[in-house]
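The following exercises ask you to work from a model to statements about fold, burial, contacts and open space. Try each task before reading its solution.

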Amino acid sequence: MKHSDPEVLEALDLAWDPEAGVLGKMRAGDYDASLADSYLELLDRIGIGEGEPLHPDFVKLLWFAPLFCEWQIERCTESGGGLDREVSSFSNRVCDRVMELLGVP
């Protein structure tokens, strides 16, 4: 899927929704493994052509996700339940995929 496709931008935006998005729910300390898998699948389907300019909304919705996920690990695992590794793994996978998409310096 092209990174600037309206469906991609809408799905990335929905991920930040406090009630229906994996990142929005994490802000409240609620890790949803099913939503996490869907978000990672979305990131895996996104493609950016060589030298293609990035859509500003794509960058806005994506660049902060790895740092945000890292910050939420403790919040999501405070209640126990043995989610430490699962949330950490999700955070690492988001970071890896964003680095693949946007590149690293």
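**Exercise 1.** Which residues does threonine 77 touch, not counting residues up to four places away in sequence?

Solution. The model is predicted, and the first step is to place the residue: threonine 77 lies in helix α5, which covers residues 65–77. The second step is to list its contacts, and with residues up to four places away in sequence set aside, threonine 77 touches Leu83, Asp84 and Val87. The third step concerns exposure: the relative accessible area of threonine 77 is 14%, and because buried means under 20%, threonine 77 is classed as buried.

**Exercise 2.** Determine how the chain is built from secondary structure, and judge its overall dimensions.

Solution. Begin with the count, which comes to six helices and zero strands, so that the pattern read along the sequence is α-α-α-α-α-α. Next, take the radius of gyration, which is 14 Å and therefore close to the 13 Å that the globule rule gives for 105 residues, so the chain is as compact as a globular protein of that length. Along the principal axes, the C-alpha atoms fill a box of roughly 45 × 30 × 20 Å. Turning to burial and surface, 36% of the 105 residues are buried, while the chain exposes about 6200 Å², with carbon and sulfur atoms supplying 50% of that area. Finally, among contacts between residues at least 6 apart in sequence, 66% join residues at least 24 apart.

**Exercise 3.** Describe the surroundings of methionine 1 and histidine 55, and state for each whether it is buried, partly exposed or exposed.

Solution. Methionine 1 belongs to the segment before α1, and its relative accessibility of 39% makes it partly exposed. Beyond its neighbours up to four places away in sequence, methionine 1 touches Glu7, Val8, Arg45, Ile46 and Gly47. The C-alpha atom of methionine 1 is also 8.9 Å from that of leucine 42, although 41 residues separate the two along the chain. Histidine 55, in turn, sits in the loop between α3 and α4 (56–62), and with a relative accessibility of 26% histidine 55 likewise counts as partly exposed. Leaving aside neighbours within four places in sequence, histidine 55 is in contact with His3, Ser4 and Leu9, and its C-alpha atom is 9.4 Å from that of aspartate 5, at a sequence separation of 50 residues.

**Exercise 4.** Is glutamate 10 buried or exposed, and how far apart in space are glutamate 10 and glutamate 86, C-alpha to C-alpha?

Solution. Glutamate 10 is part of helix α1. Its relative accessibility is 59%, and since exposed means over 50%, glutamate 10 counts as exposed. For the distance, glutamate 10 and glutamate 86 are 26 Å apart in space from C-alpha to C-alpha, with their positions 76 residues apart in sequence.

**Exercise 5.** Identify what lines the largest pocket, and which element gives the most to that lining.

Solution. The largest pocket has a volume of about 160 Å³, and the residues lining it are Ala11, Leu14, Ala15, Ala20, Gly21, Val22, Leu35, Ser38, Tyr39 and Leu42. Two or more of these residues come from each of α1 (6–14) and α3 (33–45), and α3 gives the most, with four residues. Sorting the lining by class then yields eight nonpolar, two polar and no charged residues.

Key:
Residues numbered from 1 in each chain as written. Predicted model: local features only at pLDDT ≥ 70, side-chain atom pairs only at ≥ 80, totals over all residues. Heavy atoms only, no water. 1 Å grid on protein atoms, 1.4 Å probe; cavity = no way out; pocket = protein on both sides within 12 Å on 5 of 7 lines; lining within 4 Å. Points joined across faces, edges and corners; volume = space filled by probe spheres on them. Nonpolar A, V, L, I, M, F, W, Y, C, P; charged D, E, K, R; others polar. Rg over C-alpha atoms; globule rule 2.2 N^0.38 Å. Buried < 20%, exposed > 50% of the residue type's maximum accessible area, 1.4 Å probe, protein only. Contact = heavy atoms within 4.5 Å. Areas by Shrake-Rupley, 256 points an atom, 1.4 Å probe, with all protein chains shown as cover.
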